[in-house]
Amino acid sequence: MRRLNRKKTLSLVKELDAFPKVPDSYVETSASGGTVSLIAFTTMALLTIMEFSVYQDTWMKYEYEVDKDFSSKLRINIDITVAMKCQYVGADVLDLAETMVASADGLVYEPAIFDLSPQQKEWQRMLQLIQSRLQEEHSLQDVIFKSAFKSASTALPPREDDSSQPPDACRIRGHLYVNKVAGNFHITVGKAIPHPRGHAHLAALVNHDSYNFSHRIDHLSFGEVVPGIINPLDGTEKIAVDHNQMFQYFITVVPTKLHTYKISADTHQFSVTERERVINHAAGSHGVSGIFMKYDLSSLMVTVTEEHMPFWQFFVRLCGIVGGIFSTTGMLHGIGKFIVEIIYCRFRLGSYKPVSSVPFEDGHTDNHLPLLENNTH
């Protein structure tokens, strides 16, 4: 009884077979079919390789939401060289929300040489070239995100030459924490002196002829420092044409959460607009000589996530390639074979044979339809 049930079940399964087998004696091969098969297999191999390269690649996904974090502090990372001695300049941050000076104790003032060494000039040239390419091709930013922590360091390399030239500049570097509100980081003449209405800089002892706010921004970023990330002002160099000159940078900071297969960091992107002018009170150009970076925070937060094609999607696309090429080449081969057979039969075999007119004895001709050709012998 069980054996009978097994036979019925097996018979039912055979009837559901969607892939019937054709005996080898019924299969006929042809040169055209072999040619089409070679083309199909070659196409499948090429498309499979291309699909595998797409499967290995990753892309960056951008998501936007409202930034609800207002209690935490904002970190500012600074590495700026000013063409003045350290005792003549001071750096501070003015918090516009509380109208007070945020302490800049985290900054270090180092005597330095403003002119770069040959190796440092090559580093700056490459950094400026990358900046120009980023402005033309915004999609390169995705490559930088994915290569973070893997690419070469973007910090200014140390001098390779032992220069005996005395220091003529001041390198201000380090970091400081401010409230997440709009503010103004500035470098001007003299050290800051706080007072109830704000702050001032003691610049009376510095001669105006010694003012020189030519500067080089080796690094400026907000949030966590991520090696390999290039910021918009990195590598910027400005040369002052006058002693009393103001350089202004208007910065919009966007909080950014970066999640890749290598790192996960809370950093910030920013855009910047530059302006510079000579201070001339007689001509109506008022202000204070120095370097001013006015920053404001965006209310939106960007989440950048590196994504990868799932394996099931790759498998489905691969099956579609193989099945689609098989079906398409089979149909094209059948259509081509049908057209060739029609043309061959039409011009080689023919259905009718023309017969010349047969004259009668009275001088008339037979204009009836020609007789059907008889090929039998």
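A disulfide is taken here as a pair of cysteine sulfur atoms within 2.5 Å. In this predicted model, C86 and C170 meet that condition, because their sulfur atoms lie 2.3 Å apart. The count comes to 1 disulfide. The angle about the S-S bond is 105°, and the link of C86 and C170 is right-handed. C86 sits in the loop between β2 (73-82) and β3 (89-95), and C170 sits in strand β6 (residues 169-179), so the bond ties together parts that are 84 residues apart in sequence. Both ends fall under the 20% limit for burial. C86 is buried at a relative accessible area of 12%. C170 is buried at 0%. C319, in turn, is partly exposed, with a relative accessibility of 39%.

The chain as a whole is described next. The chain contains 5 helices and 15 strands. Of its 377 residues, 33% are buried. Among contacts with a separation of 6 or more, 80% join residues 24 or more positions apart. The exposed area of the chain is about 24,900 Å². Carbon and sulfur atoms supply 60% of that area.

Strands β2 and β6, introduced above with the disulfide, also belong to a sheet. This sheet is open and has 5 strands, in the order β5-β6-β2-β10-β11. Its pairing is antiparallel. β5 (107-112) and β11 (236-238) are the edge strands, each pairing on one side only. From one strand to the next, the twist averages 15°. Strands of a sheet pair through backbone hydrogen bonds.

The pairings can be followed across the sheet from β5. β5 and β6 run antiparallel and are joined by 6 bridges. Here P111 stands opposite C170 of β6. The disulfide partner of C170 is C86. C170 thus takes part in the link to C86 and also faces P111 across the strand pair. The next pair, β2 and β6, is antiparallel over 10 bridges. Within it, I76 has L176 in β6 as its bridge partner. At the other edge, strand β10 (residues 215-222) and β11 are antiparallel, with 3 bridges between them. H215 stands opposite K238 in β11.

I78 offers a view from within the sheet. This residue lies in strand β2. I78 is buried, with a relative accessible area of 3%. Leaving aside neighbours within four places in sequence, I78 is in contact with L107, I172, R173, G174, L176, F185, H219 and L220. One of these, L176, is the bridge partner of I76. I78 and I217 are 139 residues apart along the chain, yet their C-alpha atoms are separated by 8.2 Å.

Nonpolar packing involves several of these strands. The largest nonpolar core has 35 residues. Those with the most contacts inside this core are F185, I187, I251, M293 and Y295. The elements giving two or more residues to the core are β2, β3, β6, β7 (183-189), β10, β12 (245-259) and β14 (290-297). β2 gives the largest share, 5 residues. A second core is separate and has 16 residues, including L134, I144, F145 and L258.

M293 shows how the larger core draws on distant segments of sequence. Neighbours within four places aside, M293 is in contact with I80, G183, N184, F185, I217, L220, Y249 and I251. F185 and I251 are, with M293, among the residues with the most contacts inside the largest core. F185 is also in the contact list of I78, as is L220.

β12 also takes part in a strand pairing. β12 and strand β13 (residues 264-278) pair in the antiparallel sense over 15 bridges. In this pair Q248 stands opposite R275 in β13. A hairpin of 4 residues joins β12 to β13.

Technical notes: Residues are numbered from 1 along each chain as its sequence is written. This is a predicted model: local features need pLDDT of at least 70, side-chain atom pairs count only at pLDDT 80 or more; totals for chains, interfaces and linings use all residues. Side-chain values use heavy atoms; hydrogens and water are left out. Buried means under 20% relative accessible area, exposed over 50%, partly exposed in between (1.4 Å probe, protein chains only). Two strands pair if DSSP finds at least two bridges between them. Axes are lines fitted to C-alpha atoms, for helices over the stretch in contact, and angles run from 0 to 180 degrees between N-to-C directions. Contact means heavy atoms within 4.5 Å. Accessible areas come from the Shrake-Rupley method with a 1.4 Å probe; for residues, only the protein chains shown count as cover. A nonpolar core is a set of buried Ala, Val, Leu, Ile, Met, Phe, Trp, Tyr and Cys residues joined through side-chain atoms within 4.5 Å.
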